[in-house]
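Here are some short exercises to work through with the model on your screen. Try each task before you read its solution.

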Amino acid sequence: MKRSEEDQKTNLLVVLSNPPTTSGVRTLQRVELARETLGYSAVQIANLFSIPTYRTGDISSVGAVAGGWLAARAGLSAALSKADAVVLAYGCQEPSGEARLHFRDQLSWLEAEIEDQGVRTWMLEGRPRHPSRWHRHTHVVYPDLPFAEALVRVLLPVEDVRGA
């Protein structure tokens, strides 16, 4: 069911790959900057995959069975039900092997959930780059701009990127 404008709150959801095994401070700082950049008053994080790993590449082995993917859906659904917009920031690299199939199924499921909720979706120039990669990307594209100013230019609604 699509939301009407009267139902809009001011909650931003950022979808990441999976929980970290570290503090994730840099990622959290970038997520907060995205909230500020897009003008939302609150931000929440949800993950595509429920099992923590040190590196996203480890999902290829840990995510070879469906359990960690399916377990993440309840949290994603709950977060989406409260979201007014979503930033897809789970990273550009797909896992390999069996995990790739589960990953693609999860993305198909998530896309349908987002469409059902009718929330605006954002990415960095049409790619779901992880927040830890945002500065690198903005520096390449806008080397003379401070990070926060460059982020404003590359964090775009998905429909703007697809329509371009």
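**Exercise 1.** Find which strands H1 lies across, and its angle to E2.

*Solution.* Start with the strands: H1 lies across strand E1 (11-16), E2, E3, E4 and E5. Helices (H or I, at least four residues) and strands (E, at least two) are DSSP runs, numbered from the N terminus. Next, the angle: H1 runs at about 130° to E2. Axes are lines fitted to C-alpha atoms, for helices over the stretch in contact, and angles run from 0 to 180 degrees between N-to-C directions; contact means heavy atoms within 4.5 Å.

This is a predicted model, where local features need pLDDT of at least 70, side-chain atom pairs count only at pLDDT 80 or more, and totals for chains, interfaces and linings use all residues. Residues are numbered from 1 along each chain as its sequence is written, and side-chain values use heavy atoms, leaving out hydrogens and water.

**Exercise 2.** Work out the strand order of the open sheet and name its edge strands.

*Solution.* The five strands go E2-E1-E3-E4-E5, with mixed pairing. Two strands pair if DSSP finds at least two bridges between them. The edges are E2 and strand E5 (155-157), since each pairs on one side only. From one strand to the next, the twist averages 30°. Now zoom in: strand E3 (residues 85-88) and strand E4 (residues 120-124) pair in the parallel sense over three bridges. There, Val87 has Trp122 in E4 as its bridge partner.

**Exercise 3.** Describe how H5 and H6 cross, and what their contact is made of.

*Solution.* First, the axes of H5 and helix H6 (residues 147-154) come within 9 Å and cross at roughly 85°. That makes H5 roughly perpendicular to H6, a label for angles of 65 to 115 degrees. Then list the residues: H5 brings Trp134, His135, His137 and Thr138, while H6 brings Phe147, Ala150, Leu151 and Val154. Finally, sort them: five are nonpolar, three polar and none charged. Here Ala, Val, Leu, Ile, Met, Phe, Trp, Tyr, Cys and Pro count as nonpolar, Asp, Glu, Lys and Arg as charged, and the others, Gly among them, as polar.

Conventions:
Angles under 35 degrees count as roughly parallel, over 145 as roughly antiparallel, 65 to 115 as roughly perpendicular and the rest as oblique.
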